[in-house]
Amino acid sequence: MLPFVWSDDCLRHEPQAEIWIGTSTPATEVPARALAIRDALLGAGAQEVPAVPHDDSALHAVHEPSLVEFLRTAWEEWSAADLPSDRVVPYVFARAELTSGREPAAPTAVWARPGLFAYDTMTLIGPGTWEAARAAVDVALTAVDLVSDGERVAYACCRPPGHHVTRSLYGGSCYLNNSAVAAAALLEPLGGPVAVVDIDAHHGNGTQEIFLNRGDVLTASVHVDPGAGWFPHFLGFAGESDGANLNLPLSPGTGDDSWLEAVREAATFASPARALVVALGVDAAAGDPESPLEVSAAGYREAGRILGELGLPTVVVQEGGYDLATIGSLVVETLTGVESSA
Ligand code: SP5
Ligand code: ZN
């Protein structure tokens, strides 16, 4: 089976909680997710490749230096300030209209700084968050290296996930956009276009916005309709589609047939590309606690087959998936599908 890239440092992010509609609820994006995926991959005979450190060039191709610097120092600064919360969490938000589009002042108070970079209250930063998020970037970039060196498909066991992060804002349990970093790194040697096909249950809003109005990275996302009340709420609608971006929102309750039809449409959209990034969330599966889509394990295998059939150099990057009992087998099913047609 194909190589998968791993870093123990991805386990160091332990959010513990998410502040959701003003209430502290147990975190769903937990280290056990990555361990369950790794167990399943090793059980299926996949070959583990340790992540290799990479410099910040691909990271800076997709993120503002100010976001990267904030994430790198946020926990140190917060913990040194002796605040009542043991996690970095915003309480004010520097919305662009607040300052009529002017650059907001760099706040003196440490506890106001998250409001420059966070767009939700669910995405907490603690000890190890930066190390894990930066390690996930190295995992993605090591998988890119494998493909650049001739592997047809490589899987990046990234955690925390990344597809909700824009150039300068983090949220949705994500800190650095691993899939976007992988796309930028593939673009470097190959030239465009590179495609990102996102089959996480939630819209890949960060990736969409990072590559907006660029012909060299095609983005497609198959996800639960934000108009039906689902994260990221404010975008992810079909009307945002253009020549370089395709949104395929689906109703809650959608199962294999209509989901796979959308995956086929996304694959067709991606077919002019010279390389493919699959942003693989397995939270569209029936039984996942974070989404109302009803995709089966066989559906994920077929999605993998459809995407593998494009015949492109392919980096599969882990995004969401929150049912610890099935996350590992869903990833293995998908990768088995990709390999069957590769
Ligand atoms: C990468 C990814 O799949 N991110 C998902 C972000 C969406 N999270 C929305 C959470 C909505 C409320 N969930 C309540 C669970 C409380 N623990
Ligand atoms: Zn998701």
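User: Helices (H or I, at least four residues) and strands (E, at least two) are DSSP runs numbered from the N terminus; with that settled, where is Ala106 found?

Analyst: Ala106 sits in the loop between helix H3 (65-80) and helix H4 (129-148). Please bear in mind that this is a predicted model, in which local features need pLDDT of at least 70, side-chain atom pairs count only at pLDDT 80 or more, and totals for chains, interfaces and linings use all residues. Residues are numbered from 1 along each chain as its sequence is written, chains are lettered from A and ligands numbered from 1 in the order in which they are written, and side-chain values use heavy atoms, with hydrogens and water left out.

User: Is Ala106 buried or exposed?

Analyst: Ala106 counts as exposed, at 69% relative accessibility; buried means under 20% relative accessible area, exposed over 50%, and partly exposed in between, with a 1.4 Å probe and protein chains only. Its C-alpha lies 8.3 Å from that of Leu116, ten residues away in sequence.

User: Which residue in that H3-H4 loop has a positive phi?

Analyst: Ser100, in the loop between H3 and H4, has a positive phi of about 50 degrees although it is not a glycine, and at 62% relative accessibility it counts as exposed. Asn213, in the loop between H6 and E7, likewise has a positive phi, about 60 degrees, and is exposed at 70%. Most residues other than glycine have a negative phi, and most peptide bonds are trans.

User: On that note, which peptide bond into Pro193 do we have, cis or trans?

Analyst: The bond from Gly192 to Pro193 is cis, with omega near -15 degrees, and Pro193 falls in the loop between helix H5 (178-190) and E6. Phe231 and Pro232 are also joined by a cis peptide bond, with omega about 10 degrees.

User: Switching to the metal, what coordinates the zinc ion (ligand 2)?

Analyst: Asp200 (OD), listed twice, His202 (ND1) and Asp283 (OD) coordinate the zinc ion at 1.9 to 2.8 Å. Donors are N, O and S atoms within 2.8 Å of the metal (3.2 Å for Na, K and Ca), and water is not among the atoms, so sites may look incomplete. Along the chain the donors follow the spacing D-x1-H-x80-D. His202 lies in the loop between strand E6 (194-198) and helix H6 (205-210), and Asp283, 81 residues apart from it, in the loop between strand E9 (275-280) and helix H8 (297-308), which links distant parts of the chain. Both His202 and Asp283 are buried.

User: And how many residues surround ligand 1?

Analyst: There are 17, and the closest are Thr25, Pro26, Gly172, Asp283 and Tyr322, where a residue belongs if one of its heavy atoms lies within 4 Å. Strand E2 (17-20) and strand E3 (23-26) each supply at least two residues of that shell.

User: Which side chains have an N or O atom 3.2 Å from a nitrogen atom of ligand 1?

Analyst: A polar side-chain atom of His164 is 3.2 Å from a nitrogen atom of ligand 1, and a side-chain N or O atom of Glu290 is 3.2 Å from a nitrogen atom of the ligand. In addition, a backbone N or O atom of Pro26 lies 3.0 Å from a ligand nitrogen. The protein covers 86% of the 510 Å² of accessible area that ligand 1 has on its own, with areas from the Shrake-Rupley method and a 1.4 Å probe, only the protein chains shown counting as cover for residues.

User: Last one: why is Cys158 not bonded to Cys10?

Analyst: The two sulfurs are 6.4 Å apart, Cys10 holding the cysteine sulfur closest to that of Cys158, and this is too far for a bond, since a disulfide is a pair of cysteine sulfur atoms within 2.5 Å. A search of the whole structure finds zero disulfides.

Notes: A polar contact is a pair of N or O atoms within 3.5 Å; within protein, one must be able to donate a hydrogen and the other to accept it, and residues adjacent in sequence count only if both atoms are side-chain atoms.
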